[in-house]
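Welcome, and please take a moment to look over the model below. The report that follows walks through a few of its features.

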Amino acid sequence: MASWGRRSSGMVHHIKALSKVELRGKAGEMKGGWWRYPLQPGVASALVPRSWPCVNTMASLFLVQRFKSSLPQKQVEDDDGDQDLDFPGGKVAYTSEMKFISGSYDKRIPCYRVLGDDGELIKDGSDFEKVNKELAVKMYSDMVCLQIMDTFMYEAQRQGRISFYMTSFGEEAATISSAAALTKDDIILPQYREPGALLWRGFTLQEFVNQCFGNKDDGGKGRQMPVHYGSSKHNFVTVSSPIATQLPQAAGMAYSLKMDKKDACVVAFIGDGGTSEGDFHAGLNFAAVMEAPVIFVCRNNGWAISTPTSDQFRSDGVVVKGQAYGIPSIRVDGTDALAVYSAIRAARSMAINEQRPVLVESLAYRVGHHSTSDDSTKYRSLNEIEHWKTDRDPVNKFRKWVELNGWWSERDEADLRSSIKKQLLKAIQVAEGMEKPPLTELFTDVYDLPPSNLIEQEKLLRQIVNKYPRDFPSDVSLH
Amino acid sequence: MLGIVRQKMLEQSLKKIPPAVSVLRSYSSAAKQMTIRDALNSALDEEMSADSKVFLMGEEVGEYQGAYKITKGLLDKYGPERVLDTPITEAGFTGVAVGAAYYGVKPVVEFMTFNFSMQAIDHIINSAAKTNYMSSGQISVPIVFRGPNGAAAGVGAQHSQCYAAWYASCPGLKVLAPYSSEDARGLLKAAIRDPDPVVFLENELLYGESFPVSDEVLDSSFCLPIGKAKIERKGKDVTIAAYSKMVGYALKAAETLEKDGIDAEVINLRSIRPLDRSMINASVRKTSRLVTVEEAFPQHGVGAEICASIVEESFAYLDAPVERIAGADVPMPYAANLERMAVPQVEDIVRAAKRTCYRSVS
């Protein structure tokens with residue numbers, strides 16, 4: 001992309017450059033993507049004099065062009081006449097000007113948003129996927145529910161009632177809005193901070209709490225540590241702890257969906273830290289080569305436990321990495337429920353209609369600690385945390401918008417919160433008092449059918465437990 | 001060893017290797033011969049034909065016809081959607097295959113050698129092996145990982161390690177190691193049909209070896225049970241348990257021992273996980289002596305596991321300590337003379353068997 005640098009500003013040069021861009025009278029018919037970044041004056045002024053009428057309608061061009069992901073961005077050509085290098089992988093124009101592509105654009109990729117911090121729509125040409133009352137209220141209610149569940153379950157861990165928990169504070173909109181933009185046939189491969197998506201799809205509070213307590217009603221049969229939810233019924237693949245392994249797996253699932261010609265896509269979540277794993281490269285590269293319908297959603301929350309993004313990578317975040325794989329990408333404000341919803345809707349449409357991967361980088365600060373095993377005040381300032389917690393809370397922001405539309409009142413708010421709290425307390429009480437999964441479940445599902453050695457082991461174990469009952473926990477059923 | 005290498009060179013120099021079926025048609029005699037390569041190729045072909053969900057992935061499996069020509073002809077027959085040439089990333093394509101298996105299709109992933117599976121071992125162990133358990137049975141992983149395993153000839157340390165013990169120690173995986181063409185066909189078919197993840201350990205030097213196969217073996221529905229060993233040679237004086245190439249060595253050792261009046265029983269393990277403990281124990285209870293043979297490193301190996309099993313279940317039947325033959329505890333050297341010293345030879349097995357019989361080994 002040598003073209004993004006500044007050039008000589010001679011008129012001749014501009015005309016020569018522009019002649020290569022298809023200008024057909026009206027600005028609205030402009031093809032190609034360099035109008036995608038109207039906020040990069042460096043580029044615009046080098047290539048088009050400000051007096052040209054096209055420039056003033058850049059915003060509208062932006063709107064028209066934003067889904068044209070399959071079209072490559074045009075570059076200023078600076079080639080040696082018509083000499084091309086015919087090389088494996090395609091023709092490449094020669095240049096006799098030695099120019100290194102810079103490690104970064106002079107401006108960072110801008111962040112798409114719809115709502116301002118005050119919950120009002122951004123005035124100049126807010127373009128987004130409209131959300132009706134029913135959808136908005138469900139999105140909002142689920143965000144509140146997630147926040148309250150996280151608060152209670154974090155406390156439960158602190159009280160020693162569960163062993164571990166991870167909160168989603170600050171990222172409620174990022175996950176719930178993403179799920180809202182998908183259909184139930186789209187398969188989600190989470191990392192570990194996406195219970196919002198599962199909540200949206202109908203996983204009940206009782207089911208969440210049962211998994212954390214690992215009791216006999218846990219759909220996961222007590223096999224996994226807390227927050228490692230999974231439900232094939234909800235098309236939510238079981239959380240797997242090793243980071244980024246879900247990315248090439250997502251490419252594989254998407255490829256299989258494609259072979260089945262399903263009207264669905266795969267959505268894989270990853271954090272900013274996870275993009276450093278080798279599997280990130282493999283997953284994106286493969287998805288692009290296989291033309292698999294997968295949306296990679298990177299929840300850039302600024303921190304990978306104690307590692308800030310400045311120590312994680314030196315690129316302009318994660319969004320720029322998509323282009324390296326030939327993947328269209330967007331950066332979106334993860335605290336803006338409407339922006340996330342619109343971006344994921346568009347990404348889904350691209351992924352399925354064009355059968356290709358898409359990368360979405362969502363920026364939403366991790367307000368909570370990494371997990372209950374972490375105290376983030378040790379590596380970041382209380383002011384920083386407080387700022388994002390109060391001034392930039394996605395739940396508050398969305399509530400303001402919903403209220404402005406007349407769809408939500410203080411009464412609704414009070415009712416919702418008290419109802420959730422009551423349900424949650426009940427769920428915790430029920431889950432805590434319940435028996436653990438029965439002994440048989442220790443040995444099932446290792447294989448499709450239990451092998452003889454495990455059948456023997458179970459028999460032996462039962463004999464021992466029956467003989468020395470006091471040595472074994474009383475809340476594990478022998479049935 | 002040199003004989004096998006020469007045979008392999010001859011195979012590779014043939015420009016066109018005729019497909020398995022026509023080779024067999026040209027043999028009209030009762031005992032048909034089939035190479036391991038053809039056995040594997042025909043097994044893959046038949047399983048892909050029978051089940052449209054089965055597909056192949058790996059480096060060079062398509063256009064190149066397979067690094068060792070195991071997948072020859074399959075790209076032409078089934079097309080690029082079912083025979084995928086992958087970029088060079090074991091971690092990548094293993095992850096992709098595991099994801100596809102989660103979805104419900106049946107990938108057969110080829111590693112150019114299991115030494116390279118190290119770059120993908122997290123996907124094999126933490127994803128493929130454990131997911132059915134972690135997801136409480138909601139996500140099964142019907143995947144097969146296959147490729148050459150163990151020592152070849154003159155390929156050095158990073159191309160010669162045997163991974164049977166590593167994979168066999170992990171619950172959730174099944175690990176198979178065929179010896180003959182019958183094993184190769186039957187076990188690969190069983191592996192592909194199995195809903196659990198299977199690690200299928202072949203041997204590069206055996207690819208060109210021919211074995212007799214019956215009509216039953218050649219039938220497309222032929223399948224061997226996973227978890228059952230085979231008694232290759234019945235005997236009464238000492239049990240020799242081996243897998244893969246070492247079965248051939250054990251059989252040769254048995255011939256030598258016979259001349260010295262020792263009647264050895266040779267067990268072809270076939271299945272490393274699950275291990276056929278009952279058959280091995282029954283055999284040792286009959287002979288009272290055991291020699292285990294493997295090319296792999298000795299510590300924490302298959303032989304160690306078999307020995308533990310015998311000690312736990314048949315200790316009173318042993319008349320001599322268990323002898324364990326394994327590769328030298330060094331990364332495999334390259335120089336031919338050193339390499340020969342680093343892997344078991346037939347003479348080592350003979351001497352070990354004699355020791356269990358209290359015979360002098362001079």
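## Two helices crossing in chain B

Before turning to a helix pair, it helps to know that axes are lines fitted to C-alpha atoms, for helices over the stretch in contact, and that angles run from 0 to 180 degrees between N-to-C directions. Please keep in mind, too, that this is a predicted model.

With that in hand, look at helix 11 (residues 245–259) of chain B and helix 15 (residues 346–356) of chain B: their axes cross at roughly 55° and come within 9 Å. Helix 11 of chain B and helix 15 of chain B are therefore oblique to each other. Their crossing is right-handed.

Which residues make this contact? Helix 11 of chain B brings Tyr249(B), Ala250(B), Lys252(B), Ala253(B), Thr256(B) and Leu257(B), while helix 15 of chain B brings Val346(B), Ile349(B), Val350(B), Ala353(B) and Lys354(B). Sorted by class, the contact between helix 11 and helix 15 of chain B has eight nonpolar, one polar and two charged residues.

## A helix pair in chain A

Chain A offers a pair of its own. Helix 5 (residues 133–158) of chain A packs with helix 6 (residues 172–180) of chain A at an angle of about 140°, and their axes are 10 Å apart. That angle makes helix 5 of chain A oblique to helix 6 of chain A. The crossing of these two helices of chain A is right-handed.

On the helix 5 side of chain A, the contact residues are Met139(A), Asp142(A), Met143(A), Leu146(A) and Gln147(A); they meet Glu172(A), Ala173(A), Thr175(A), Ile176(A), Ser177(A) and Ala180(A) in helix 6 of chain A. By class, this contact in chain A has six nonpolar, three polar and two charged residues.

## Where the chains meet

How many residues of chain B are in contact with chain A? There are 38 in chain B, and they touch 37 residues of chain A.

The size of an interface is often given as the accessible area lost when the parts come together. Between chain B and chain A, about 3,000 Å² is buried, and carbon and sulfur atoms give 62% of that area. Tyr103(B), Tyr133(B) and Met134(B) supply 25% of the area that chain B buries against chain A, more than any other three residues.

## Domains listed in UniProt

An unreviewed UniProt entry places "domain: Dehydrogenase E1 component" at residues 143–437 of chain A. This span of chain A is 47% helix and 11% strand, with its end C-alpha atoms 31 Å apart.

For chain B, UniProt lists "domain: Transketolase-like pyrimidine-binding" (unreviewed entry) at residues 34–209. Residues 34–209 of chain B are 37% helix and 16% strand, and the end C-alpha atoms lie 8 Å apart.

Key:
Residues numbered from 1 in each chain as written. Chains lettered and ligands numbered in written order. Predicted model: local features only at pLDDT ≥ 70, side-chain atom pairs only at ≥ 80, totals over all residues. Heavy atoms only, no water. Helix = DSSP H or I, 4+ residues; strand = E, 2+ residues; numbered from the N terminus. Parallel < 35°, antiparallel > 145°, perpendicular 65-115°, else oblique. Left-handed = near helix turned anticlockwise from the far one by under 90°. Contact = heavy atoms within 4.5 Å. Nonpolar A, V, L, I, M, F, W, Y, C, P; charged D, E, K, R; others polar. UniProt positions renumbered as here; feature names shortened; annotations may be inferred. Buried area = accessible area lost by both parts, 1.4 Å probe.
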